[in-house]
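Hi everyone, and thanks for making time for this. I'd like to walk you through one structure today, so please have a look at it on the screen.

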Amino acid sequence: MRPAEYLDNPCPKGARNNALFAACMSAREAGWSESCIRSELGNKAARDGLSPAEIANTINSAMSRP
């Protein structure tokens, strides 16, 4: 999922972590900085209802991938 698509659309319950992970991976490939990913995508994930721990774990997982 492209970051813009993620940012522009609500994520349904049950798909939020996967959508955030996919958006993080796509943002990394597009050259986004980690701080931008955490800020922009993390804030969107919070609005969608993910907890701070879920957001941190999902972004950490995406950032640790090669």
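I'll go through one helix, then the core, the cysteines, and a few contacts around them.

Before anything else, please keep in mind that this is a predicted model.

Let's start with helix α2, which covers residues 16–29. How far apart should the ends of this helix be? With 14 residues at 1.5 Å a residue, α2 should span 20 Å, and its end C-alpha atoms are indeed 20 Å apart, so the two agree. Just after α2 comes Gly31, which takes a positive phi of about 90 degrees.

Now, which residues of α2 are buried? The list is Ala19, Leu20, Ala23, Cys24, Met25, Ser26 and Ala27. As a reminder, an α-helix has 3.6 residues a turn, so residues three or four places apart point the same way. What do the buried residues of α2 pack against? They meet three other helices here: α1 (3–8), α3 (34–48) and α4.

That brings me to the core. The largest nonpolar core has 15 residues, and Tyr6, Leu20, Cys24 and Leu41 are the ones with the most contacts inside it. Helices α2, α3 and α4 each supply at least two residues of this core. The largest share comes from α2, with six residues.

Leu41 is a nice one to click on. Setting aside neighbours within four places in sequence, Leu41 is in contact with Pro3, Tyr6, Leu7, Leu20, Ala23, Cys24, Ala27, Trp32 and Cys36.

Two of those partners are cysteines, Cys24 and Cys36, so let me turn to disulfides. How many does the structure hold? The count is zero. Why is Cys24 not in one? Its sulfur is 11 Å from the closest cysteine sulfur, in Cys36, and that is too far for a bond. Seen from the other side, Cys36 is in no disulfide either, with the sulfur of Cys24 as its nearest cysteine sulfur at 11 Å. As for exposure, Cys24 counts as buried because its relative accessibility is 0%, whereas Cys36, at 23%, counts as partly exposed.

Next, the aromatic side chains. There are zero aromatic pairs by the rule used here. What we do have is Lys44 lying over the face of Tyr6, at 4.3 Å from the ring centre.

Lys44 also helps us place Arg16. The two are 28 residues apart along the chain, and their C-alpha atoms are separated by 10 Å. Arg16 is part of helix α2. Beyond its neighbours within four places in sequence, Arg16 is in contact with Cys11, Asp48, Gly49 and Leu50.

Last stop: Thr58, in helix α4, residues 52–63. Is Thr58 buried or exposed? It counts as buried, because its relative accessibility is 9%. Once neighbours within four places in sequence are left aside, Thr58 is in contact with Asn17, Leu20 and Phe21. Take Leu20 from that set: Thr58 and Leu20 are 38 residues apart in sequence, yet 7.1 Å apart in space, C-alpha to C-alpha.

So if you remember one thing, let it be α2, which gives six residues to the largest nonpolar core. Thanks for listening!

Definitions and conventions:
Residues are numbered from 1 along each chain as its sequence is written. This is a predicted model: local features need pLDDT of at least 70, side-chain atom pairs count only at pLDDT 80 or more; totals for chains, interfaces and linings use all residues. Side-chain values use heavy atoms; hydrogens and water are left out. Helices (H or I, at least four residues) and strands (E, at least two) are DSSP runs, numbered from the N terminus. Buried means under 20% relative accessible area, exposed over 50%, partly exposed in between (1.4 Å probe, protein chains only). Contact means heavy atoms within 4.5 Å. The expected span of a helix is 1.5 Å times one less than its number of residues. Rings of Phe, Tyr and Trp (its six-membered ring) pair if their centres lie within 6.5 Å; planes under 30 degrees apart count as stacked, over 60 as edge-to-face and the rest as tilted. A charge sits over a ring if NZ of Lys or CZ of Arg is within 6 Å of the ring centre and within 35 degrees of the ring normal. A disulfide is a pair of cysteine sulfur atoms within 2.5 Å. A nonpolar core is a set of buried Ala, Val, Leu, Ile, Met, Phe, Trp, Tyr and Cys residues joined through side-chain atoms within 4.5 Å.
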